[in-house]
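Visitor: I'm new to this structure and would like a close look at a single part. Could you pick one sheet and walk me through what surrounds it?

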Amino acid sequence: MGKIQISWCWELSWSRRAAEEGEAAAAVECSGHGRTFLDGLDVDGIPECECNSCFAGSDCSQISSDCVADVDSGDALFLEPFWMKNAASSAMLVSGWHRMSYVFKNESLISSVLENQIRKLHNTVGNAVTQGRFIVFGAGSIQLLNAAVHALSQENSSVSAKVVASVPFYQLYQLQTDLFGTVDFKFQGDTSLWKNSSDGSLNFIEIVTAPNNPDGQMNKAVLQGSHVKAIHDHVYYWPHFTAIPAPADGDIMLFSLSKFTGHAGTRFGWAVIKDEAVYQRMSTYVELNTLGISRDAQLRAFKLLKVVMERSGKEIFEYGHSTMRNRWEKLSSALSVSERFSLQDIPPQYCNFFQTVRAASPAYGWLKCERKEDKECYRVLKKAGIIGRDGTLFGVGSSYVRLSLIKTQDDFDMLLHKIKKLVAKEDDMQARSTM
C-alpha cells in the first residue's frame, strides 16, 4: 500500500475568515492594560476591551484613583506576555468537525500524543518520574484530587478514610472532600493532630502539597505506615516557582496547566500514578464523572506543550522565574524595613534544571501581621486597600494573609504601591511616637 503524501503548500480557504477574526481581536491593544477576546462583547463588530483591575474606559486608559490591590485569586496571568510573544507558534485554528466523537480512534479517552508529550516534558524538566507510571487526564488537578481520594478510599472500604493535610492548606481540599464525602472518606483537618495516633485500625489519606499553597514550602509526608496513603499535589513544582532539586517520585502526583502555562480556563490537569489498580479506579472515576476531558482542551494542551518544548522549556521557565523572582525581591524589600509585617522565609536552593543555586520565586506572599492589635490581618490590609486571602481559610489564625504575586503586572504594581504606602505610614507613626 502506498504512503499518503500531504502537501503543505496551499491557499487558505475556509480557515481564512477565522484567522482574520482571531488576528483582529488580538490586534486591539487596550492601552496595554487589558485584552480583547473572540468570545467577548463587541461594539459594532469591534471587540470590546476587558480591562485589568484599576483600569477602565473603552481602551482601558483610565486609571481609578481609589482602586484597591486585588491580589486574592491564583490566576497565573503573569505568563500572558510570554504567550503574546509566542503568538504565532501557540495559536490554534480548529475545524468545526474536529474530534466530534466521544473517543479517539483507539477507543481511548486520552490523546496518546499528548500523553507522550507530558512524559517528555517531565523528563526534560526533571520534576517527576514518569517511566513505568500511568497517566490520567482530568478537568484540572481538582477533579483528579477527588478521583484519587475516591480510588484510595476503596483499598479498605470497611473503614472510612480520614483525609488530612498539613496547615496551612489549600481550602479547596476541605471544601471538595466535604462536598463529595461519603461513608468511605471524610476530611479530618490538620495532619499533625493525628501524628501520634497509635490506632492501627485508622486509615489515612494525606494530601502533601509541594510547593505548598500558600507559603511555598516544600512539604513532605508526615504520617507513616501501611494504613497511610499520600496524594502529592505538585501543581506549583515548576521552575517558575521553586528550585527543582530532584524528580518527585510519589505514588500519586498531580499537575495542571493552570500554574504551569497559566491556562487555568482550559481546565486540564494530569495525574502520574504508580499502582495500576489505583490508576484503573481513577480512570473509571473520570470516565463516569465527565466521560473524559474535552478534546479541545487536550488539543490546546498539546499545542502549548509543543511551544514549551521548542527550547526544552528554557524560554518559558527563564521568563517565569525571572518575573517571579523580581516580584518577590521587590515585595520582600518593601517589607524588610517593617516591624509590623513579615513574610515567609524561603532560602536559595540548587536547581537541577537551571544547573545553579537559585533565589526564591514563590507564587504567593504569606504575610503575617506581627502586632497583637493587628490580629485581624485581613481587615488591616483591606483598610489599606489590599484584598488578599484570609489566613483562616487555610486552617490557621487570622494573623496571616495570602498575597497573590502571579496576576498581571498591573495587579502587582498596585500591590507594591499599597504595601509601600502602608509601611511608610508605619514609619510616620513611629516618628510621631518619639517626638
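Guide: Here is a tour of one open sheet, a helix that comes along the way, and some salt bridges. The model is predicted, so to speak of local features a pLDDT of at least 70 is needed, side-chain atom pairs count only at pLDDT 80 or more, and totals for chains, interfaces and linings use all residues. Residues are numbered from 1 along each chain as its sequence is written, and side-chain values use heavy atoms, with hydrogens and water left out.

Our sheet is an open one of seven strands, in the order β8-β14-β13-β12-β11-β9-β10, and its pairing is mixed. At its edges stand β8 (134-138) and β10 (185-190), each pairing on one side only. On average, neighbouring strands here are turned by 25° against each other, direction ignored; the axes behind such angles are lines fitted to C-alpha atoms, for helices over the stretch in contact, and angles run from 0 to 180 degrees between N-to-C directions. Strands (E, at least two residues) and helices (H or I, at least four) are DSSP runs, numbered from the N terminus, and two strands pair if DSSP finds at least two bridges between them. Take β9 (residues 161-165): it pairs with β10 in the parallel sense over four bridges, and Lys 162 stands opposite Lys 186 in β10.

Now for helix α5, residues 140-153. Of its 14 residues, 12 are buried, meaning under 20% relative accessible area, with exposed being over 50% and partly exposed in between (1.4 Å probe, protein chains only). Among the buried ones are Leu 144, Leu 145 and Val 149.

In the loop between α5 and β9 sits Glu 155. Glu 155 forms a salt bridge with Lys 229, their closest N and O atoms being 3.5 Å apart; a salt bridge is a side-chain nitrogen of Lys or Arg within 4 Å of a carboxyl oxygen of Asp or Glu. Lys 229 belongs to strand β12 (residues 228-233), so this pair links distant parts of the chain, 74 residues apart. Both partners are partly exposed: Lys 229 at 32% relative accessible area, Glu 155 at 38%.

Another salt bridge joins Lys 274 and Asp 251 (3.6 Å, N to O). Lys 274 is in the loop between β14 (269-273) and α8 (276-290), while Asp 251 is in the loop between β12 and β13 (252-256). Lys 274 is partly exposed at 32%, and so is Asp 251 at 44%. These two also belong to a network of salt bridges that includes Arg 133 and Asp 249.

Methods: The expected span of a helix is 1.5 Å times one less than its number of residues.
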